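Me: I've got a structure on screen and a few things I'd like to ask about it. Can we walk through it together?

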Amino acid sequence: MTTGQEWLVDASGCAPERLKDAPALAALFEELVVVLDLKVVGQPQWHVFPEPGGITGLALLAESHLTVHTFPEHGFAALNVYCCRTRARPDFDALVARHLGATSCRVRELSRGVEA
């Protein structure tokens, strides 16, 4: 029985300044929420690390969660989207290129659920 789907997105070649920019990451979250028709519970949380660190962000969703962890020193962002209902896969390549300046994107999709 499937109880959801999860996308693990590794975005590389990102613009380091965008990986330290909470409003840029919030815009990425906002677009994903609209594209996937998600319901955010409360306010997204952001933790900005001291230089040269990045940002960790979390949006609690009625459908589960949306997270990002950025590593500006490596031009890398790890994005995770977990939905309890099946949805069409968004164009993650275009999203991370537009919002983070990523030149490369690897997406792994997992079906989550109970095994009989």
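Below are some questions and replies on this model.

Me: Before we start, what kind of model is this, and how are residues numbered?

Reply: This is a predicted model, where local features need pLDDT of at least 70, side-chain atom pairs count only at pLDDT 80 or more, and totals for chains, interfaces and linings use all residues. Side-chain values use heavy atoms, with hydrogens and water left out, and residues are numbered from 1 along each chain as its sequence is written.

Me: What pattern do the helices and strands follow along the sequence?

Reply: Helices (H or I, at least four residues) and strands (E, at least two) are DSSP runs, numbered from the N terminus. On that basis the protein has 2 helices and 6 strands. Reading along the sequence, the order is β-α-β-β-β-β-α-β.

Me: What is the radius of gyration of the protein?

Reply: The radius is taken over C-alpha atoms, and the yardstick is the globule rule, 2.2 Å times the number of residues to the power 0.38. For 116 residues that rule gives 13 Å, and the protein's value is close to this, so the protein is as compact as a globular protein of that length. Its C-alpha trace spans about 45 × 30 × 25 Å along the principal axes. The radius of gyration itself is 14 Å.

Me: What share of the contacts with a separation of 6 or more comes from residues 24 or more positions apart?

Reply: Contact here means heavy atoms within 4.5 Å. Among contacts with a separation of 6 or more, the share from residues 24 or more positions apart is 64%.

Me: What percentage of the residues count as buried?

Reply: Buried means under 20% relative accessible area, exposed means over 50%, and partly exposed is in between (1.4 Å probe, protein chains only). Of the protein's 116 residues, the buried share is 41%.

Me: How many disulfides are there?

Reply: A disulfide is a pair of cysteine sulfur atoms within 2.5 Å. Cys 83 is in none, as its nearest cysteine sulfur, that of Cys 84, is 7.3 Å away. Cys 84 isn't in one either, with the sulfur of Cys 83 at 7.3 Å. The count is 0.

Me: Is Cys 84 buried or partly exposed?

Reply: Its sequence neighbour Cys 83 has 0% relative accessibility and so counts as buried. Cys 84 has a relative accessible area of 35%, which makes it partly exposed.

Me: Which peptide bond is cis?

Reply: Most peptide bonds are trans. Pro 52 sits in the loop between E2 and strand E3 (55–61). With omega at about 5 degrees, the cis bond is the one joining Glu 51 and Pro 52.

Me: What is the phi of Asp 37?

Reply: Most residues other than glycine have a negative phi. Asp 37 lies in the loop between helix H1 (22–35) and E2, and at 49% relative accessibility it counts as partly exposed. It isn't a glycine, yet its phi is positive, at about 55 degrees.

Me: And what about the phi of Ser 64?

Reply: Ser 64 is found in strand E4. It too is not a glycine but has a positive phi, of about 150 degrees.

Me: Which residues does Thr 67 touch, not counting those up to four places away in sequence?

Reply: Thr 67 is in strand E4 (residues 64–71). Its relative accessibility is 13%, so it counts as buried. Leaving out residues up to four places away in sequence, it touches Phe 29, Gly 57, Leu 58, Ala 78, Leu 79 and Asn 80.

Me: Which residues is Gln 45 in contact with, leaving aside neighbours within four places in sequence?

Reply: Gln 45 belongs to strand E2 (residues 45–48). From Gln 45 to Gly 101 is 56 residues in sequence and 22 Å in space, C-alpha to C-alpha. Its contacts beyond four places in sequence are Thr 56, Gly 57 and Leu 58.

Me: Which residues does Gly 54 touch, again not counting those up to four places away in sequence?

Reply: Gly 54 is in the loop between E2 and E3, and at 5% relative accessibility it counts as buried. Gly 54 and Ser 12 are 42 residues apart in sequence and 14 Å apart in space, C-alpha to C-alpha. Outside those sequence neighbours, Gly 54 touches Leu 19, His 47, Val 48, Phe 49, Thr 70 and Pro 72.
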